[in-house]
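Here is a short set of questions and answers on one protein chain. Please look over the sequence and the structure first.

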Amino acid sequence: MGTSVQVTPLCGVYNENPLSYLVSIDGFNFLIDCGWNDHFDTSLLEPLSRVASTVDAVLLSHPDTLHLGALPYAMKQLGLSAPVFATEPVYRLGLLTMYDHYLSRKQVSEFDLFTLDDIDSAFQNITRLNQSQNYYMSGKGEGIVIAPHAAGHLLGGTIWKVTKDGEDVIYAVDFNHRKERHLNGTVLESFVRPAVLITDAYNALLSNQPPRRQRDQQFLDTILKTLRTDGKILVPVDTAGRVLELVLILEQFWEQHHLTYPIYFLTYVSSSTIDYVKSFLEWMSDSIAKSFENTRENAFVLKNITLLVSKSELEKVPDGPKIVLASMASLEVGFSHDIFVEWAADSKNLVLFTERAQFATLARMLQSDPPPKAVKVTMSKRIPLVGEELAAYEEEQTQKRKEESLKASLIKEEEAKASLGEELAVGGPMIIDANIKQPSSKASGLKHGAFRDVLIDGFVSPPSSAGPMFPFYENTSEWDDFGEVINPDDYTIKDEDMDQSFMQVDGDLNGKLDEAAASLMLDTTPSKVVSSELTVYVKCSLVYMDFEGRSDGSSMKKILGHVSPLKLVLVHGSAEATEHLKEYCLKNVCPDVYAPQIEESIDVTSDLCAYKVQLSEKLMSNILFKKIGDYEIAWVDAVVGKTESDTLSLLPLSTTPPPPHKTVLVGDIKMADFKQFLASKGIQVEFAGGALRCGEYVTLRKVGDSSHKGGGNIQHIILEGPLSEEYYNIRDHLYSQFYPL
């Protein structure tokens with residue numbers, strides 16, 4: 001029997017709700033993603049609350065609220081205490097995203113589901129991994145290896161590969177095969193025949209996305225048209241996700257065409273976001289990395305975009321045409337909400353949506369077809385307390401401080417009595433000479449009145465003692481020829497302690513935080529939230545363009561056909577999209593396709609039979625390994641036997657020498673790369689009819705095994721042509737691209 005795998009969705013199936021799934025591998029429970037929506041609806045977390053205490057590890061895939069928004073609340077309220085794993089950008093940008101959401105909510109409501117300290121505490125537990133880094137679990141998870149791979153959707157976005165006993169479980173949601181300005185495409189196609197693939201159906205019904213250049217040009221043309229008619233443009237964006245692609249598009253276009261229209265990026269953490277992104281070039285596209293290597297120019301050193309961290313800064317800029325990228329994308333709270341209310345009534349203005357908004361949000365309502373002509377919104381703001389309200393608040397706080405002080409003193413007194421009782425119980429009885437007359441307490445008080453507080457206050461002398469006695473501790477330190485023996489660890493400042501100290505001082509793990517955000521955190525002025533409802537008449541233009549950075553339905557189907565998993569689990573997508581993709585995959589990808597409901601546990605254990613065998617020392621001594629990249633491989637001829645401990649072992653063959661075998665070529669080849677290689681050797685080469693024509697007579701082609709269900713993962717390389725010097729020369733070049741065994 002193969003590795004035991006069970007998948008239990010906790011949120012995000014047959015709908016577009018946040019993502020959260022429990023994946024159990026041989027009894028080790030992974031919580032993959034811990035998302036929440038922009039409403040912070042606690043009812044969505046009820047399934048998670050029932051299993052949070054059983055989770056052994058948490059894997060985060062993307063730095064947005066849909067994938068990690070519930071992490072602080074789950075750790076504070078639901079009993080989630082497992083170690084958390086993520087890439088460095090997901091950790092950093094996810095932290096800023098949660099800061100921005102908290103500060104946006106706190107300005108318009110008495111938000112108390114979690115605090116900034118809760119966010120810091122949750123993210124402090126995250127272990128950061130590099131791309132493709134293997135991490136070996138220990139303890140209960142012994143034998144399990146996890147590794148993050150590029151998803152291509154958000155910076156640092158991850159496809160998680162979990163391996164146990166040679167079987168792979170792949171978690172791939174929100175992936176993008178397209179190469180963009182700031183990100184390379186996903187590496188999902190590099191995985192072949194995993195035991196289990198968990199993926200989403202979010203875009204299953206979306207097809208025929210326009211080419212990237214065409215999409216970008218439409219985006220820029222729409223913006224310029226509005227600006228040239230003196231209109232203002234609001235682009236509701238996330239905090240630190242897809243907004244980076246938009247920033248790069250605008251920055252490069254403005255720089256190339258020397259435009260002077262102002263562009264503003266407005267979030268509570270905008271400057272911190274860009275500062276961090278500047279240091280993540282190795283996580284970005286090849287073009288950005290090469291540009292930095294050649295010219296030492298960082299693509300995110302912004303010359304045409306101004307970073308703002310408060311609405312008051314935007315109000316100070318001159319009136320006129322401008323672009324404002326403001327959080328939140330849902331328009332529920334944040335700067336984008338307030339700006340929309342101000343600009344919506346002007347027909348010259350434009351609200352440009354670049355992603356599908358979450359359900360039941362203002363942005364989703366405006367994206368409907370046709371859009372509403374008027375919407376009701378709630379305007380809230382925090383104002384300082386004055387007059388009687390301030391006096392009542394101060395009186396309440398004074399009373400609370402008195403109660404806390406009284407409670408602390410009572411606890412301290414109880415602790416003192418308890419410690420004294422322990423000393424009396426441990427110490428031996430005091431021998432007192434009965435002939436010595438003890439002075440009465442009254443006389444003692446009269447004679448030593450000045451010292452009464454010193455002897456009596458806080459110290460209750462036992463009736464059997466002659467007088468107060470201070471504790472004595474014997475020095476038990478060890479000594480050697482050089483003096484007292486010390487432990488160097490006592491003088492070492494641990495990294496965790498240093499991180500914690502930075503966090504306490506600056507509120508951010510590296511001490512980087514925008515002034516506006518920091519001032520809001522440190523502001524202790526008594527205040528209250530006042531709200532009012534008003535009707536906004538929507539006269540501005542509303543445009544939606546797809547900059548979500550997800551593969552469309554047709555591309556998803558091709559990728560799934562190439563990966564061809566043994567078992568497929570579909571999550572996160574509308575009911576219609578999920579059923580559509582399930583029906584397609586049953587016919588074209590694999591026979592075992594599952595689409596479970598919330599809290600429905602499905603068993604996707606592999607049907608393969610796997611055995612663990614040992615390699616005997618005698619066999620290992622005769623094996624010659626060849627190094628291939630990070631691996632060493634060898635051909636082994638052996639027989640299966642049993643050791644003295646009754647475990648399976650591979651033993652050398654009794655016959656020598658071993659029987660001959662056909663040469664095995666290990667590796668893969670890309671036709672485009674091989675074309676360049678042959679050209680560098682002076683061979684005329686070109687693509688023709690899906691094949692590579694080499695020289696005058698030789699043709700090279702890749703042919704898939706059509707008899708294999710799923711197709712595309714087993715391929716043969718066919719070299720055709722007359723036997724000639726040219727043929728053998730090209731064959732030798734082809735063999736040089738592989739490792740022969």
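Q: Which residue forms a salt bridge with Glu389?
A: This is a predicted model. The closest N and O atoms of the pair are 2.9 Å apart, and the cut-off for a salt bridge is 4 Å. The partner of Glu389 is Lys528.

Q: How many residues apart in sequence are the parts that Glu389 and Lys528 tie together?
A: Glu389 lies in helix α13 (residues 387-426). Lys528 lies in strand β20 (residues 527-537). The pair therefore ties together parts that are 139 residues apart in sequence.

Q: Is Lys528 buried, partly exposed or exposed?
A: Buried means under 20% relative accessible area, and exposed means over 50%. Lys528 has 26% relative accessibility. Its partner Glu389, with a relative accessible area of 39%, is partly exposed. Lys528 also counts as partly exposed.

Q: What is the N to O distance in the salt bridge of Arg50 and Glu599, and how many residues apart are they?
A: The two side chains meet at 2.9 Å, N to O. Arg50 sits in helix α1 (residues 46-51), while Glu599 is in the loop between β23 (593-594) and β24. The pair links distant parts of the chain, 549 residues apart.

Q: Is Arg50 buried, partly exposed or exposed?
A: The cut-off for exposed is over 50% relative accessible area. Glu599, at 38%, is partly exposed. Arg50 has 51% relative accessibility, so Arg50 counts as exposed.

Q: Which residue of strand β6 pairs with Glu88 of helix α4?
A: The closest N and O atoms of this salt bridge are 3.2 Å apart. The pair links parts 40 residues apart, from helix α4 to strand β6. The β6 partner is partly exposed, with a relative accessible area of 32%. That residue is Arg128.

Q: Which strands stand at the edges of the open sheet of seven strands?
A: The order is β6-β5-β4-β3-β2-β1-β24, with mixed pairing. Each edge strand has a single partner strand, so one side of each is left without a neighbour in the sheet. The edge strands are β6 (126-129) and β24 (602-603).

Q: Which residue in β2 stands opposite Pro9?
A: Strand β1 (residues 5-11) pairs with strand β2 (residues 20-25). The pairing is antiparallel and runs over six bridges. Opposite Pro9 stands Tyr21.

Q: At about what angle does helix α4 run to β5?
A: Helix α4 (residues 88-106) lies across β5 (84-87) and β6. Its angle to β5 is about 100°.

Q: Is α4 roughly parallel or antiparallel to helix α8?
A: The axes of α4 and helix α8 (residues 270-278) come within 10 Å and cross at roughly 175°. Angles over 145 degrees count as roughly antiparallel. That makes α4, relative to α8, roughly antiparallel.

Q: Which residues of α8 make the contact with α4?
A: On the α4 side, the contact is made by Arg92, Leu93 and Leu96. By class, the contact has four nonpolar, two polar and one charged residues. The α8 residues are Ser272, Thr273, Tyr276 and Val277.

Q: Which residue takes a positive phi in the hairpin of β31 and β32?
A: Strand β31 (residues 685-688) pairs with strand β32 (residues 691-694) in the antiparallel sense, over four bridges. Ala688 has Ala691 as its bridge partner in β32. Two residues lie between the strands. The one with a positive phi, near 60°, is Gly689.

Definitions and conventions:
Residues are numbered from 1 along each chain as its sequence is written. This is a predicted model: local features need pLDDT of at least 70, side-chain atom pairs count only at pLDDT 80 or more; totals for chains, interfaces and linings use all residues. Side-chain values use heavy atoms; hydrogens and water are left out. Two strands pair if DSSP finds at least two bridges between them. Contact means heavy atoms within 4.5 Å. Axes are lines fitted to C-alpha atoms, for helices over the stretch in contact, and angles run from 0 to 180 degrees between N-to-C directions. Angles under 35 degrees count as roughly parallel, over 145 as roughly antiparallel, 65 to 115 as roughly perpendicular and the rest as oblique. Ala, Val, Leu, Ile, Met, Phe, Trp, Tyr, Cys and Pro count as nonpolar, Asp, Glu, Lys and Arg as charged, and the others, Gly among them, as polar. Buried means under 20% relative accessible area, exposed over 50%, partly exposed in between (1.4 Å probe, protein chains only).
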